[in-house]
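Welcome, and please load the model in your viewer with a cartoon representation. We will go from stop to stop, with something to select at each one.

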Amino acid sequence: MANVTVIGAQWGDEGKGKIVDWLARQADAVVRFQGGHNAGHTLVVGNEVYKLSLLPSGIVRGTFSVIGNGVVLDPWALKEEAEKLRGQGVEITAENLAIADNCALILPFHRDLDALREDASGKGKIGTTRRGIGPAYEDKVGRRAIRVCDLAHLDDLGPQLDRLCAHHNALRVGFGEEPIDRQALVEELREIADFVLEFAQPVWKRLNEVRKAGARILFEGAQGVLLDVDHGTYPFVTSSNTISGSAAGGSGLGPSATGFVLGIVKAYTTRVGSGPFPTELEDATGQRLGERGHEFGTVTGRQRRCGWFDAVLVRQSCAVSGVTGIALTKLDVLDGFEKIRICTGYRLNGQVLDYFPSNAGDQAAVEPIYEEIEGWSETTAGARSWVDLPAQAIKYIKRVEELIQCPVALVSTSPEREDTILVKDPFGD
């Protein structure tokens with residue numbers, strides 16, 4: 001299969017950035033197909049650390065990078081990110097970056113609304129990043145969105161602004177906020193328009209041409225399957241579909257293009273923000289995982305909640321996203337644990353479940369059923385082949401494969417680009 005789709009198979013933060021960067025050396029194009037700048041991918045290349053939110057991870061290698069139509073784009077955040085990366089020596093031009101001209105924009109009042117709602121929700125807080133992602137997707141579905149292509153026609157925005165303001169001003173009044181300043185908004189858009197339009201094009205057309213030419217395309221997902229608006233821990237989810245199927249609609253290439261689906265999975269489990277987390281460890285073990293794994297959000301800086309590996313959740317993620325193989329990351333964080341636990345099922349009201357229920361109350365009430373295996377005292381950090389791994393670490397990997405019913409294709413043993421064990425090449429080389 002010529003193409004590869006990379007998705008997170010947990011609650012995000014699985015290490016997708018490094019894996020996409022590592023695979024990008026074989027790809028001719030890297031495509032972001034959903035989410036916004038609530039995503040956070042960290043790449044470590046030598047002594048340099050690159051932090052990306054909107055730009056596809058392939059941009060660091062100079063691989064042709066695409067922001068697809070399924071993304072909601074904050075143009076000011078994009079400019080800030082591009083300028084920072086350029087300051088680190090990364091080349092970003094119209095030759096190596098394309099933005100779908102039918103991409104919906106995140107506007108300042110989307111960020112306002114996101115924060116206002118979260119602050120007013122009390123115990124009902126979802127734990128959003130307050131970056132306007134949800135409100136922007138709402139406007140897109142509500143057919144009110146301003147899109148990238150509209151930046152070239154700002155003088156014709158009147159009817160679209162009428163729809164936007166009719167909706168948002170009613171909400172703003174309810175929160176005691178001033179109405180949208182239409183003229184100020186248009187001026188802000190006018191100031192940023194040239195920067196965005198330099199990269200804008202009908203991406204679906206360009207990607208179809210690239211594909212027909214036999215090029216390899218790498219699709220880069222954001223967040224994780226457990227944050228999918230349909231298949232995740234609703235309502236504590238993101239506002240887009242994070243499963244591999246979104247690569248088709250979010251790029252304009254269709255379902256036959258997604259190819260090998262690589263699910264990125266940590267050797268343990270983490271979550272940022274609110275929501276159920278069956279294997280969470282609120283003790284010294286959880287703290288040890290967090291400290292060793294440097295578990296702080298790339299975008300928000302929030303400390304991540306940590307727990308043992310949940311095979312039930314990952315098996316479910318692999319099923320709903322059609323995962324072909326997984327990349328197991330942060331194996332080195334488990335070095336030195338005398339005993340390691342894996343969740344193999346749940347108990348709920350006296351019943352044993354082999355899946356995660358959909359109801360939020362049931363999700364919060366399930367109790368994990370654990371299997372305990374021996375840990376290893378040797379280090380796995382920096383290992384680049386199977387022979388470098390302790391026998392017990394290999395046994396752990398094999399047990400994970402059995403429980404999630406999906407083979408391991410890659411193993412990552414540090415944040416460094418080359419500290420990766422290749423088991424099966426997703427590109428088929």
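Begin in the strand pair S11 and S15: select Gly 263, and you will find Ile 326 of S15 standing opposite. Keep in mind throughout that this is a predicted model.

**Stop 1: strand S15 and its partners**

Widen the selection to residues 260-266, which make up strand S11, and residues 325-329, which make up strand S15. The two strands run in the parallel sense, and 5 bridges pair them. Another facing pair to pick out here is Ile 264 with Ala 327 of S15.

Now add strand S19, residues 408-412. S19 is parallel to S15 as well, with 3 bridges joining them. Click on Ile 326 again: its bridge partner in S19 is Val 408.

Is S15 mostly covered or not? Colour by accessibility and you will see that 5 of its 5 residues are buried. Gly 325, Ala 327 and Thr 329 are buried on one side, while Ile 326 and Leu 328 are buried on the other, so both faces of the strand are covered.

**Stop 2: the whole sheet**

Zoom out and show the strands. In which order do the 10 strands of the open sheet lie? Reading across, the order is S9-S7-S5-S2-S10-S1-S11-S15-S19-S20, with mixed pairing. Select residues 200-201 for S9 and 420-422 for S20 to see the edges. Each of these two has a single partner strand, so one side of each is left without a neighbour in the sheet.

**Stop 3: helix H7, across the strands**

Select residues 203-212 for helix H7. This helix lies across S2, S5, S7, S9 and S10, and runs at about 145° to S5. To show what lies beneath, add 29-32 for S2, 64-67 for S5, 97-100 for S7 and 217-220 for S10.

**Stop 4: helix H2, end to end**

Select residues 75-87, helix H2. For its 13 residues at 1.5 Å a residue, the expected span is 18 Å, and the end C-alpha atoms are indeed 18 Å apart, which agrees.

Show side chains next. Pro 75, Ala 77, Leu 78, Glu 81, Ala 82 and Leu 85 are the buried residues of H2. Look down the axis: these buried residues fall within an arc of 155°, so they line one face of the helix. Glu 80, Lys 84 and Gly 87 are exposed on the other side.

What do the buried residues of H2 pack against? Among the elements there are S4 (48-52), S5, S7 and helix H6 (182-197).

Finish with the two ends. Asp 74 caps the N-terminal end, with a side-chain oxygen 3.0 Å from the backbone nitrogen of Trp 76. Just after the helix, Gly 89 has a positive phi of about 90°.

**Stop 5: helix H9**

Last, select residues 284-292, helix H9, whose buried residues are Gly 286, Leu 289 and Gly 290. The buried residues cover an arc of only 95° around the axis, which puts them on the same side of H9. Strand S13 (305-307) is included in what covers them. Turn to the other side of H9, where Ala 284 and Glu 291 are exposed.

At the start of H9, a side-chain oxygen of Asp 283 comes within 3.1 Å of the backbone nitrogen of Thr 285. Just after H9, His 294 takes a positive phi of about 50°.

Definitions and conventions. Residues are numbered from 1 along each chain as its sequence is written. This is a predicted model: local features need pLDDT of at least 70, side-chain atom pairs count only at pLDDT 80 or more; totals for chains, interfaces and linings use all residues. Side-chain values use heavy atoms; hydrogens and water are left out. Two strands pair if DSSP finds at least two bridges between them. Helices (H or I, at least four residues) and strands (E, at least two) are DSSP runs, numbered from the N terminus. Contact means heavy atoms within 4.5 Å. Axes are lines fitted to C-alpha atoms, for helices over the stretch in contact, and angles run from 0 to 180 degrees between N-to-C directions. The expected span of a helix is 1.5 Å times one less than its number of residues. Buried means under 20% relative accessible area, exposed over 50%, partly exposed in between (1.4 Å probe, protein chains only). The arc is that of the directions from the helix axis to the C-beta atoms. A polar contact is a pair of N or O atoms within 3.5 Å; within protein, one must be able to donate a hydrogen and the other to accept it, and residues adjacent in sequence count only if both atoms are side-chain atoms.
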